[in-house]
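User: I'd like a close look at one part of this model, the helix pairing towards the end of the chain. Walk me through that pairing, and then tell me how the rest of the fold sits around it.

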Amino acid sequence: MAAIDDLRSLILGGHYAPGDRLGEVELAETLNVSRTPVREALRRLEAEGLVEVTTNKGARVVEYPRVDLETIFELRARVEGLAARQAATTAAQDDVDRLHAVAVELREHAARGDIDAVYRLNSEFHQSLVRLGGSTLLVQSISMLIHSPVLLRTYGSFDEEAMARSVNHHLEITAAIRAGDPDWAEAVMTAHLFSARASLLGPRNQEKK
């Protein structure tokens with residue numbers, strides 16, 4: 001549905017900031033649709049975790065406390081860093097080839113500015129890498145964080161330099177796993193996630209909310 005895609009893009013692109021109210025009438029005018037598809041879009045985006053709908057108060061963009069965002073990135077860095085380390089010692093050649101193919105496709109879509117495809121391929125890359133680590137516990141631990149709406153908003157906050165850095169990290173992680181170097185793989189994965197954190201949250205020394 002176009003209204004869902006358009007509203008999602010507006011939120012992820014920063015047109016609506018966390019905490020902003022999403023009025024049906026205003027959205028219908030902005031999206032050039034009736035209020036019925038707007039209501040459906042809000043329900044769908046609520047299910048995705050991007051919108052919060054409260055009885056008698058309407059809808060607003062979900063706002064995560066900074067401490068929660070920090071925690072999500074800390075968890076991902078530790079867990080996925082470990083997954084990358086394990087993958088470097090267990091992945092077969094065919095597995096690495098498939099991971100590399102996803103990273104290359106991600107780079108191509110990033111160059112075209114196709115954020116929806118970048119999000120999909122990024123999720124595929126990270127899920128595949130975690131599975132290569134061979135631990136069911138790691139897969140279960142990271143699944144929710146990979147699909148977190150925070151990840152969607154992170155890509156919306158990337159400038160051209162941050163996107164290029166993220167794309168190159170995926171390719172370097174694959175190279176480290178191909179080389180069978182667990183230290184290299186873990187270090188790049190950790191840097192990759194902390195770089196994404198910086199793009200979303202800015203300097204670490206700013207006042208925490």
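Analyst: Here is the pairing you asked about, followed by the core and then the helices at the start of the chain.

Keep in mind that this is a predicted model. The pair in question is helix 9 and helix 10, whose axes lie 9 Å apart and make an angle of about 165°. An angle over 145° counts as roughly antiparallel, so that is the label for helix 9 and helix 10. As for handedness, helix 9 passes helix 10 in a left-handed crossing.

Now for who meets whom. On the helix 9 side you have Ala-162, Arg-165, Ser-166, His-169, His-170, Glu-172, Ile-173, Ala-175, Ala-176 and Ile-177, and across from them in helix 10 sit Trp-184, Ala-185, Val-188, Met-189, Ala-191, His-192, Ser-195 and Ser-199. Sorted by class, the contact of helix 9 with helix 10 comes out as ten nonpolar, six polar and two charged residues.

Two of these residues deserve a zoom. Take Ser-166, which belongs to helix 9. Ser-166 has 4% relative accessibility, so this serine counts as buried. Skipping neighbours within four places in sequence, Ser-166 is in contact with Tyr-155, Phe-158 and His-192. Of these, His-192 is among the helix 10 residues of the pairing.

The other one is Ala-185, over in helix 10. Its relative accessibility is 0%, so Ala-185 is classed as buried too. Again leaving out neighbours within four places, Ala-185 touches Ala-84, Ala-88, Ala-176 and Ile-177. Ala-176 and Ile-177 come from the helix 9 side of the pairing, while Ala-84 and Ala-88 fall within helix 4 (66-90). If you want a backbone distance to check, the C-alpha atoms of Ala-185 and Glu-172 are 8.0 Å apart, with their positions 13 residues apart along the chain.

That leads to the core. As background, nonpolar side chains tend to be buried together in soluble globular proteins. Here the largest nonpolar core has 39 residues, and Phe-125, Leu-129, Met-163, Ile-173 and Ile-177 touch the most other members. The elements giving two or more residues to this core are helix 4, helix 5 (93-111), helix 6 (115-132), helix 7 (136-146), helix 9 (160-178) and helix 10 (182-201). Helix 4 gives the most, at eight residues. So both partners of your pairing feed this core, and Ile-173 and Ile-177 appear in the pairing as well.

Met-163 is worth clicking on. Not counting residues up to four places away in sequence, Met-163 touches Ala-110, Ile-115, Val-118, Tyr-155 and Phe-158. Apart from the largest core lies another, of 18 residues, with Ala-3, Leu-7, Ile-11 and Tyr-16 among them.

One more residue before leaving this region: Val-104, in helix 5. With a relative accessible area of 18%, Val-104 is buried, since the cut-off is under 20%. The C-alpha atoms of Val-104 and Val-167 are separated by 8.5 Å, although their positions lie 63 residues apart along the chain.

Now to the start of the chain. Helix 1 (residues 2-12) and helix 3 (residues 35-48) have axes that come within 9 Å and cross at roughly 55°, so helix 1 and helix 3 are oblique to each other. Helix 1 passes helix 3 in a right-handed crossing. Helix 1 makes this contact through Ala-3, Ile-4, Leu-7, Arg-8 and Ile-11, and helix 3 through Pro-37, Ala-41, Leu-42, Arg-44, Leu-45 and Glu-48. The class count here is eight nonpolar, no polar and three charged residues. Ala-3, Leu-7 and Ile-11 also belong to the 18-residue core.

Helix 3 has another partner in helix 2: their axes come within 9 Å and cross at roughly 105°, which makes helix 2 roughly perpendicular to helix 3. Glu-24, Val-25, Leu-27, Ala-28 and Leu-31 of helix 2 meet Arg-35, Val-38, Arg-39 and Leu-42 of helix 3. Those residues divide into six nonpolar, no polar and three charged. Leu-42 is listed in the contact of helix 3 with helix 2 and in the contact with helix 1.

Finally, look at Asn-32, in the loop between helix 2 (24-31) and helix 3. Most residues other than glycine have a negative phi. Asn-32, though, has a positive phi, near 60°. Its relative accessible area is 70%, so Asn-32 counts as exposed.

Key:
Residues are numbered from 1 along each chain as its sequence is written. This is a predicted model: local features need pLDDT of at least 70, side-chain atom pairs count only at pLDDT 80 or more; totals for chains, interfaces and linings use all residues. Side-chain values use heavy atoms; hydrogens and water are left out. Axes are lines fitted to C-alpha atoms, for helices over the stretch in contact, and angles run from 0 to 180 degrees between N-to-C directions. Helices (H or I, at least four residues) and strands (E, at least two) are DSSP runs, numbered from the N terminus. Angles under 35 degrees count as roughly parallel, over 145 as roughly antiparallel, 65 to 115 as roughly perpendicular and the rest as oblique. A crossing is left-handed if the near helix is turned anticlockwise from the far one by less than a right angle, and right-handed if clockwise. Contact means heavy atoms within 4.5 Å. Ala, Val, Leu, Ile, Met, Phe, Trp, Tyr, Cys and Pro count as nonpolar, Asp, Glu, Lys and Arg as charged, and the others, Gly among them, as polar. A nonpolar core is a set of buried Ala, Val, Leu, Ile, Met, Phe, Trp, Tyr and Cys residues joined through side-chain atoms within 4.5 Å. Buried means under 20% relative accessible area, exposed over 50%, partly exposed in between (1.4 Å probe, protein chains only).
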